[in-house]
Amino acid sequence: MTKFRYLSLADQFIRQLREGRYSADEKLPSIRQISQDLNVSKGTAIRCYEYLEDHGWVEAREKSGFFPGRKALEQLTASSAQHAHQPSAEALAAISPKRLDNKSLGLEIVRSAGRTDQIPLGTANPCVSFPGVKRLYQLLKKEVGKEELALTDGFISHYQTPPGAEKLRKQLSQLLLKRDLHCTPDQIITTNGAQAAVSLALQATSQEGDIVLIESPCFYGILQCLEAFDRKVVEIPQATSGGPNLDLVAAALDKWPVKAIIVQPTLNNPTGKSMSQENRQRLIDLANQHDIAIIEDDIFADLDYRGSAPSPLKAIDTQDRVLYCSSISKTVTPKLRLGWLVAGRWHERCQHLQFVSKMGLPAHTQNALGSWLEAGLMQRHLRLIRRRYQQRQQLFQQAMQAYWPEGIEYEVAEGGFLAWIKFPKQCDAMTLYQQAQQEKINITPGPLFGSAKANRHFIRINFGLYQDQPEYRQAMQRLGELIRQAMAS
Ligand SMILES: Cc1ncc(COP(=O)(O)O)c(C=O)c1O
C-alpha cells in the first residue's frame, strides 16, 4: 500500500523520538531544514509536523519551533507515579458517603449566568466566533432544507432512535482515534450533550442509595445529577497533581461497597488539572480490583494547548468498565446539544435508557455535525481555538496583574478556558459573587463545585470570553476593588 509522504516522514520521526534521539528540550529540525535535507516540499514537512502535533509527538512553541511532545517525553522520562501511601487519619475522617444538597444554589447560579446584560466571566461557554462554528450552522441549514424538501414526497418522519445517526457515529469513531480510542460506530451512542451521557452512565451502573465516588472540586452538573438520582456520594479531594487522591480512593473502596467513580481526568472543570498517565493506570487497576465502573468525562481534552492531551482512561481499559462521555459543547457549541457515550459493557442498558427517556435525538443536528466532521473541519478549528484561548489567558493574566491585589493564587492553565482562583480566607466567594452580580459581572463561586461550604474562597473564571476591551478591563478593575475590600475586612 502506498503511503502519503508526510506519513512516512512522521513514522520516521516517531521512531527517532521513541528511541530517545532527541532530548526533552531539544529543538527538532525546522520545516526548511527537513525540506532541504530530506528533499521533500515544505508542504509535506508542515503536514508531517501537524500530524505529529495532533498525535502528541511534537509540541509547537510560538516563535521557537518544534520540540518533543507529550508522548515523546513519556518515553524519555519514567515520571513519578502517585505511589500508594496510607492516608492520614484526618484525611480519612473527612470523607464519608453523603447525600448532596446543592440544588437551589446550582439552579440560581446557572440561570443567572445566562443573562446577556452582564460581562460573562462565569459560565463555561466556549467562544463561538470562529469560521468552523459558522460552517456548522450552514450545514445545519442545509439539513433542515433537505427535510423540508422531502415533505413534498410523501415523507415519513421517523424517529432517529438510539444509538443515533449512523453518519455521525461513523465520524465520531474516527474522531475518537485521535484520543487513542478504538471503537466501532456501533459502540457509540449519541446523546444530548455530555451531561446526558454522564446521566445515562450513572443510571446504568448504580441505583438509588448506592455509593458513588467523585473528585472534589467537581463540575456542578455532575453533583446535580447525583443529587437528582439520590446517590450517596463520597467526595475525594483532588491530588495536587490532578485527579482524585488515589490513596483516599483506595481507602474508600476498601471501606464501602462503591458502585462507580466519576472522574474528569483531563483539564478538569474547574481546576484545569490533568492526571498523569501513571495515575490513570493506578485508577484503572483499583477499579479492576474492586469491580467498579468508571464514568469518564473527557469534554475538555481536545483543548489541551499542546495539541494532544494524555490518553483517556478508556484507552487503557482492558475490562470494558469505563463509560466514556464527551461532547462538542466546549470545542464547538453547547447549543446543538450533541454529545456521545461509549458505554462498554453497559452499552445495551444505556441505549435502552436513552430510548425510554428520549426516544432519540433530532436527526438534522446529528447529520449536520456528521457532515462537518466528514469535511475534516475539526482539527483546523481546534488549532485555531486553542491558540485563541492561550492568547486570552495571557490577556486575562495581564488584567489580573494590573487590577487585582497580591496574595491571590492561580495556576496557569495548560488548556481549556477556565481559571480556578483562590483568595485569602477573608474573601468569601459567595459574597463576591453577589456583589459582582449587582455590578453586572458574572463569575462562578467555588461552593457550586462541592458540597456545602467547600471551596468558599475560590471562584472560577472563563478567560476564553475575556477581551481586551474597555468594558472587560473595567469589570476586572471593579472585581479588583471588591476583592481588596473583602481582604481588608
Ligand atoms: C466537565 C463537564 N462535563 C459535562 C458538561 C456538560 O456538557 P454538555 O453541554 O455537553 O452537556 C460540562 C459543561 O459545562 C462540563 O464542564
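Axes here are lines fitted to C-alpha atoms, for helices over the stretch in contact, and angles run from 0 to 180 degrees between N-to-C directions. The model is predicted.

On these terms, helix H9 (residues 193-205) packs against helix H10 (residues 220-228) at an angle of about 35°. Their axes lie 10 Å apart. The crossing of H9 and H10 is right-handed. H9 contributes Gln195, Val198, Ser199 and Leu202 to the contact. From H10 come Gly221, Ile222, Cys225 and Leu226. Sorted by class, the contact of H9 with H10 comprises five nonpolar and three polar residues. Charged residues are absent from this contact.

Two open sheets are described next. In one, seven strands run in the order E4-E10-E9-E8-E7-E5-E6. The pairing in this sheet is mixed. Strand E4 (188-191) and strand E6 (232-237) form the edges, and each pairs on one side only. Neighbouring strands of this sheet are turned against each other by 20° on average, direction ignored. Towards the E6 edge, strand E5 (residues 211-216) pairs with E6 in the parallel sense. Six bridges join E5 and E6. Ser216 stands opposite Pro237 in E6.

Helices lie across strands of this seven-stranded sheet. H8 crosses E4, E9 and strand E10 (339-342). The angle of H8 to E4 is about 110°. Helix H11 (residues 246-255) lies across E5, E6 and strand E7 (258-263). H11 runs at about 150° to E6.

The other sheet has four strands, in the order E11-E12-E15-E14. Its pairing is antiparallel, and the sheet is open. The edges are strand E11 (409-410) and strand E14 (444-445), each pairing on one side only. E11 pairs with strand E12 (residues 418-422) in the antiparallel sense over two bridges. Tyr410 stands opposite Ile421 in E12.

Pockets and cavities complete the description. The largest pocket has a volume of about 880 Å³. Its lining consists of 36 residues. Nearest the centre of this pocket lie Asn125, Phe219, Lys330, Pro334 and Arg337. At least two lining residues each come from helix H6 (103-113), helix H7 (131-150), H9 and H10. H6 supplies the largest share, five residues. H9 and H10, the helices that pack at about 35°, thus also appear in the pocket lining. By class, the lining of the largest pocket holds 18 nonpolar, 13 polar and five charged residues.

Closed space is also present. Four cavities of 30 Å³ or more were counted. The largest cavity holds about 250 Å³ of space. It is lined by 24 residues. Closest to its centre are Leu175, Lys178, Arg179, Ala301 and Asp302. Helix H4 (70-76), helix H8 (166-177), strand E9 (322-327) and helix H15 (378-403) each give two or more residues to this lining. H8 and E9 therefore have a place in the cavity lining, and H8 also lies across E9 in the sheet arrangement. By class, the lining of the largest cavity has eight nonpolar, seven polar and nine charged residues.

Technical notes
Residues numbered from 1 in each chain as written. Predicted model: local features only at pLDDT ≥ 70, side-chain atom pairs only at ≥ 80, totals over all residues. Heavy atoms only, no water. Left-handed = near helix turned anticlockwise from the far one by under 90°. Contact = heavy atoms within 4.5 Å. Nonpolar A, V, L, I, M, F, W, Y, C, P; charged D, E, K, R; others polar. 1 Å grid on protein atoms, 1.4 Å probe; cavity = no way out; pocket = protein on both sides within 12 Å on 5 of 7 lines; lining within 4 Å. Points joined across faces, edges and corners; volume = space filled by probe spheres on them. Pairing = 2+ DSSP bridges.
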